[in-house]
Amino acid sequence: MFRVNALAGHVTAGQLAGPRPQVRISIGDVEYKGDRAKLPALVPKGFFGPLRENEEARQSWQWLLRKDALRQDSVLIGPPGSRRRHIVLAWCEMLDREAEYLLLSRDTTESDLKQRREIIDGTLHWIDQPPVRAAREGRILILDGLEKAERNVLPTLNNLLENREMALQDGSFLTSAERYDALAAPGAAPGGAGGG
């Protein structure tokens, strides 16, 4: 049996000017320590309590913590319904992590994954969609209904998830911080290998 321990960070007057308080979680032999969310409004609420004593949820959370510690993506597979989504939303709530949510369907397009054009006060603006916001802000991206995604959006999803890259409609290019640093390093080769 696994036990979930959540130690809340308490804010005192002396901490307001300093670093944000941290969240510390341990489930079995796996521990997590991280900063509290910058935007608490994006942290799911009301999902952790009902699942707190659920063994399946605790095992999933422990697995998710291990994957997170390795900086690896996770996919929960299960029967149709909201169970997987509730487990992930409770995990985000427990860790005080901001989440972006995207429900995939047969009608999901590349614009739903990247950016949408909107005209605001007569000016064209590119509005980031959940995968782009999650990548830029370091949030958890929840893709619900991945099995329903059409073939035309799978290469875009794969490029974002596997390579951490995405060309955006506004002309910008998303890439991981590690790859950017390697490319920006003095003497970096054009292919990104670095060195001479």
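By class, the lining of the largest pocket breaks down into 20 nonpolar, eight polar and 15 charged residues. That pocket belongs to a predicted model, and its volume comes out at about 1600 Å³. Beyond the pocket, there is a nonpolar core of 22 residues to look at, plus 17 salt bridges and one aromatic pair.

**The largest pocket**

- Start in the middle: of the 43 lining residues, Asp-73, Arg-139, Ile-140, Leu-141 and Arg-164 are the closest to the pocket's centre.
- Six elements each put at least two residues into the lining, namely H2, H3, helix H5 (130–137), E7, H6 and H7.
- H6 has the largest share of that lining, with six residues.
- Two of the residues closest to the centre turn up again below: Arg-139 is part of a salt-bridge network, and Arg-164 has a positive phi.

**Nonpolar cores**

- In the largest core, the members that touch the most other members are Ile-25, Trp-61, Leu-65, Trp-91 and Met-94.
- Strands E2 (22–27), E3 (30–35) and E7 (140–144) each bring at least two residues to this core, and so do helices H1 (48–51), H2 (55–69) and H3 (83–95).
- H3 is the top contributor here, giving eight residues.
- Another core, this one of six residues, lies apart from the largest one, and Leu-102, Leu-104, Leu-113 and Ala-149 are among its members.
- H2, H3 and E7 are worth a second look, as they feed the largest core and also help line the largest pocket.

**The aromatic pair**

- Phe-48 and Trp-61 have ring centres 5.4 Å apart and planes at 35°, so this pair counts as tilted.
- Phe-48 sits in helix H1 and Trp-61 in helix H2, which makes this a link between distant parts of the chain, 13 residues apart.
- Both partners are tucked away: Phe-48 is buried at 9% relative accessible area, and Trp-61 is buried at 0%.
- Trp-61 also shows up among the core residues that touch the most other members.

**Salt bridges**

- As background, side chains of opposite charge can pair when their charged atoms come close.
- Arg-66 pairs with Asp-29, and their closest N and O atoms are 2.9 Å apart.
- Arg-66 is in helix H2 while Asp-29 is in the loop between E2 and E3, so this bridge ties together parts 37 residues apart in sequence.
- Of those two partners, Arg-66 is partly exposed at 38% relative accessible area, whereas Asp-29 is exposed at 61%.
- Arg-71 and Glu-178 also meet through their side chains, at 3.1 Å from N to O.
- With Arg-71 in the loop between H2 and H3 and Glu-178 in helix H7 (residues 177–184), the bridge ties together parts 107 residues apart in sequence, so it is another one to trace along the chain.
- Arg-71 is exposed, with a relative accessible area of 65%.
- Arg-58 bridges to Glu-53, with 3.7 Å between the closest N and O atoms.
- This pair has a split personality: Arg-58 is buried at 5% relative accessible area, but Glu-53 is exposed at 61%.
- Glu-98, Glu-100, Arg-133 and Arg-139 join up in a network of salt bridges.

**Backbone oddities**

- Asp-121 is not a glycine, yet its phi is positive, at about 55°.
- You'll find Asp-121 in the loop between strand E5 (115–120) and strand E6 (123–128).
- Asp-121 is exposed as well, at 77% relative accessibility.
- Arg-164 is another residue other than glycine with a positive phi, in this case near 60°.
- Arg-164 belongs to the loop between helix H6 (154–163) and strand E8 (166–167).
- Arg-164 is partly exposed, at 33% relative accessibility.

Key:
Residues are numbered from 1 along each chain as its sequence is written. This is a predicted model: local features need pLDDT of at least 70, side-chain atom pairs count only at pLDDT 80 or more; totals for chains, interfaces and linings use all residues. Side-chain values use heavy atoms; hydrogens and water are left out. A nonpolar core is a set of buried Ala, Val, Leu, Ile, Met, Phe, Trp, Tyr and Cys residues joined through side-chain atoms within 4.5 Å. Buried means under 20% relative accessible area, exposed over 50%, partly exposed in between (1.4 Å probe, protein chains only). Helices (H or I, at least four residues) and strands (E, at least two) are DSSP runs, numbered from the N terminus. A salt bridge is a side-chain nitrogen of Lys or Arg within 4 Å of a carboxyl oxygen of Asp or Glu. Rings of Phe, Tyr and Trp (its six-membered ring) pair if their centres lie within 6.5 Å; planes under 30 degrees apart count as stacked, over 60 as edge-to-face and the rest as tilted. On a 1 Å grid over the protein atoms alone, a cavity is a set of points where a 1.4 Å probe fits but cannot get out, and a pocket is an open set with protein on both sides within 12 Å along at least five of seven lines; lining residues have an atom within 4 Å of a point. Grid points are joined across faces, edges and corners, and a volume is the space filled by probe spheres set on the points. Ala, Val, Leu, Ile, Met, Phe, Trp, Tyr, Cys and Pro count as nonpolar, Asp, Glu, Lys and Arg as charged, and the others, Gly among them, as polar.
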